[in-house]
Amino acid sequence: MSTPIVRPVEIVAGDDVLHGDLRLPPHAAGLVIFAHGSGSSRFSTRNRQVAEYLGARGLASLLLDL
């Protein structure tokens, strides 16, 4: 199995910048976006485990902090 690309991303939205992490497995079939607000973040162990689980099944993930 090939290693996924995992990298930080920044999305500019007007005067704001959303920070996130993109996990892109080879030949991804789709993308799941996690938008985290108060009480959670892209650094959460649980959120990262879900992203890894999805990646192992061919889905990319983008974990964003709002």
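Which residue, with a positive phi, follows H1? Gly-58 does, and its phi lies near 90 degrees. This is a predicted model, so let us walk through the helix before that glycine, then visit a loop elsewhere in the chain.

## Helix H1 from end to end

Helix H1 covers residues 45-56, 12 residues in total. At 1.5 Å a residue it should span 16 Å, and its end C-alpha atoms are indeed 16 Å apart, which agrees with that expectation.

There is a nice detail where H1 starts: a side-chain oxygen of Ser-44 comes to within 3.3 Å of the backbone nitrogen of Arg-46.

## Two sides of H1

Four residues of H1 are buried: Asn-47, Ala-51, Leu-54 and Gly-55. They cover an arc of only 100 degrees around the axis, so they sit on the same side of the helix. An α-helix has 3.6 residues a turn, so residues three or four places apart point the same way.

What do the buried residues of H1 pack against? Their partners are three strands: E2, E3 (30-36) and E4 (59-65). Turn to the other side of H1 and you will find Thr-45 and Arg-46, both exposed.

## The loop at Gly-14

Gly-14 belongs to the loop that links strand E1 (5-13) with strand E2 (16-24). Is Gly-14 buried or exposed? Its relative accessible area is 65%, so Gly-14 counts as exposed, the cut-off being over 50%.

For a sense of distance from the helix, compare Gly-14 with Asn-47: they are 33 residues apart in sequence, and their C-alpha atoms are 27 Å apart in space.

How values were computed: Residues numbered from 1 in each chain as written. Predicted model: local features only at pLDDT ≥ 70, side-chain atom pairs only at ≥ 80, totals over all residues. Heavy atoms only, no water. Buried < 20%, exposed > 50% of the residue type's maximum accessible area, 1.4 Å probe, protein only. Expected span 1.5 Å × (residues − 1). Arc of directions from axis to C-beta. Contact = heavy atoms within 4.5 Å. Polar contact = N/O pair within 3.5 Å; in protein donor to acceptor, adjacent residues only side chain to side chain.
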